[in-house]
Amino acid sequence: MTMSLRTIIKRKSYIGRENCEHSERPLYGRRGIAMKALYSDGSVRDAEDELKVIRHTTSHILAQAVKRLYPETKLAIGPAIADGFYYDMDREGGFTEADLPKIEEEMRKIVKENLKLETYTLSRDKAIEFEKGRHEDYKVQLIEDLPKDEVISFYKQGDFTDLCAGPHVLYTKQCKAFKLTSLAGAYWRGDEHNKMLTRIYGTAFANKEDLEKYLNMMEEAKKRDHRKLGKELGLFMFADEGPGFPFFLPNGMVLKNTLMSYWRSIHVPAGYKEISTPMMLDRKLWEMSGHWDHYKDNMYTTMVDDVPFCIKPMNCPGSILVFKSEARSYRDLPLRLAEFGVVHRHEKSGELHGLMRVRCFTQDDSHIYVTPDQITDEIEAIVRIIDRMYSQFGFKYHVELSTRPKDSMGSDEDWKLATDGLKKALETMKMPYVVNEGDGAFYGPKIDFHLEDSIGRTWQCGTIQLDFQMPQRFDVQYTGADGQKHRPIMIHRVVFGSVERFIGILIEHYAGKFPVWLAPVQVKVLSVSEKSRGYAVKVTQQLMDAGVRCENDDRDEKIGYKIREAQLQKVPYMLVLGEKETADGSIVAVRSRDRGDLGARPTAEFIAQVQKENAERTN
RNA sequence: GCCACUGUGGCUCAGCGGUAGAGCGACGGUUUCGUAAACCGUCGGCCGGGGGUUCGAUUCCCUCCAGUGGCUCCA
């Protein structure tokens, strides 16, 4: 199986001083010479990861600058991360963006001073005493939480000393290519019950050129932002009347429907049966499923004839009612009930993000009822489907296995069984994955598939969840070969995850330049002048009859204008029809969005080609 | 929800104490034109909502709403 995988980069990090995230960037030395780094044992040797070291030191320079300018600031943590670094600090009144230039200026001074970095260790008590003495409360906490046998090291550069495991560069001058990028609130230790600190983000590179390159890349990436393209291409919109509730516009609807029919073309032959369950159901059902206990805060509720109802945040209970609507036999299993279920979830206002994070979305959901010995095969089959569908789009993805969360239900044995089941499937398939402790659903562990957006943020899309709980809670049964009643196991799974989120990823992945099979408008017919208007109408009709999604632009505009507009709308093919084509009566001049003028060819030939690209889903 | 920032016609943005401006779009004309923007004209905004300061607020302050970047949470 071909699979495009990447190592994980997670932007977030919680742990103290050792949590400089590992960068996956190539380990390059400037002009081929490996950079030296100062390790906490005092040795100087080749840096294992040059960028990480530079970024980490730059975060210290940031902290040093802040302490010089605002000595009352207390420091928390300041690791290197995937694209740069940050430092969390606590200062009365916080910081604002207006402070950043000042801080940057001070940082440049520190770089210029070319301070030498030194490292030393202290005993636990001395270290605590030292940090207490200078009122670095967060540092004290960090030290107190370090394992007993941990060596506690400090790094010093000029007037600044920080608790740190290192390594660092040798002189501050090595950190001259940096930039502070943004400012954000962040809870101490990532816990929302803790105090919110100010986090200053920045990035740093080995040299100015790399920094420039990175900043330009980020600028370019912004042009691919699905929110911007969604507006420009008329795909979707939001309204004040429904924050977080997307509206699909005609072009976006074509995209959504096309994805759904692609999905069906894969799932129907794989034995999935599609159903549709109600948008809202009696609250009693949600109490029984456990949603009311574990998911209440995210659920919308209403009253129907004085009975409390819930709008569904998930499709599983509905699916179970379908399963239970008739007597099931072991011969029916695996029973794969699929549903494009529209779910509503009350997400906190600050969490919304274009189509990626919404309050109402369409899950390409399926609930598969299996016997215990069918689990592994079924999960493998699902993983194959997911890989096949992601490969269709050329997506990079990575896999995470999420284990039991704090707020969950069921016995430890069931959880272990389920988690081992998922693990086993991944291992048989030799699928690389990372374990995400405590991140499972409240009813079971899960395998998550994460895709990347244009600026490298990853979003969970596909997921496979193994569930022993719901079947128990709902007393779901089938009759086995032995004539006895048995309890099936339920697999919850999605490929797109949220069709909305998937579309968001898709827009950024293609930068709006959809291949023919996905393009809302596949062909734009452009008449050169009014003399070719009649012919344009005829060709448009031919295209429509052939099932091609096309539009005819017959306005009194110059051909250059029409082309520009079609080009900006990222229509894959434009047909330029002038007097020559009209005179011939059976040819069209083809212009490709990506390859420019392709010259004239018989209309039939062009149609056949578009049909082929469409049918084969050529990328 | 929390921290910071932003919110001016359909879109992109300027103005910032004396009651609004550009380009594009839309609309009406003129033009009928061969591969990324023809020309002329017209319409269009109680400057996100509410409150306050002021003789006067788009401009200052407060508050609410929405968006952006993060945090927490998650498909």
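Helix H11 (residues 375-393) is a good place to start: it lies across S17, S18, strand S19 (397-402), strand S21 (446-452), strand S22 (458-467) and strand S25 (489-498). Its direction runs at about 5° to S25. Keep in mind that this is a predicted model. Below is a quick look at the sheet, the helices on it, and a helix pair elsewhere in the numbering.

**The sheet**
- H11 has an open sheet of eight strands to go with it, in the order S13-S17-S18-S25-S22-S21-S19-S20 and with mixed pairing.
- At the edges you'll find strand S13 (273-274) and strand S20 (434-436), each of which pairs on one side only.
- Strand S17 (residues 335-344) and strand S18 (residues 360-370) pair up in the antiparallel sense, over 10 bridges.
- To pick out one bridge, look at His344, whose partner in S18 is Cys360.

**Another helix on the sheet**
- Helix H12 (residues 412-428) packs on the sheet too, where it touches S19, S21 and S22.
- The direction of H12 makes about 155° with that of S19.

**The H3 and H4 pair**
- Helix H3 (residues 124-133) and helix H4 (residues 137-144) have axes that come within 8 Å and cross at roughly 165°.
- Angles over 145 degrees count as roughly antiparallel, so that's how H3 and H4 sit relative to each other.
- The crossing of H3 past H4 is left-handed.
- On the H3 side, Arg124, Ala127, Ile128, Glu131 and Lys132 make the contact, meeting Lys139, Val140, Ile143 and Glu144 of H4.
- Sorted by class, that contact has four nonpolar residues, five charged ones and no polar ones.

How values were computed
Residues are numbered from 1 along each chain as its sequence is written. Chains are lettered from A and ligands numbered from 1 in the order in which they are written. This is a predicted model: local features need pLDDT of at least 70, side-chain atom pairs count only at pLDDT 80 or more; totals for chains, interfaces and linings use all residues. Side-chain values use heavy atoms; hydrogens and water are left out. Two strands pair if DSSP finds at least two bridges between them. Helices (H or I, at least four residues) and strands (E, at least two) are DSSP runs, numbered from the N terminus. Contact means heavy atoms within 4.5 Å. Axes are lines fitted to C-alpha atoms, for helices over the stretch in contact, and angles run from 0 to 180 degrees between N-to-C directions. Angles under 35 degrees count as roughly parallel, over 145 as roughly antiparallel, 65 to 115 as roughly perpendicular and the rest as oblique. A crossing is left-handed if the near helix is turned anticlockwise from the far one by less than a right angle, and right-handed if clockwise. Ala, Val, Leu, Ile, Met, Phe, Trp, Tyr, Cys and Pro count as nonpolar, Asp, Glu, Lys and Arg as charged, and the others, Gly among them, as polar.
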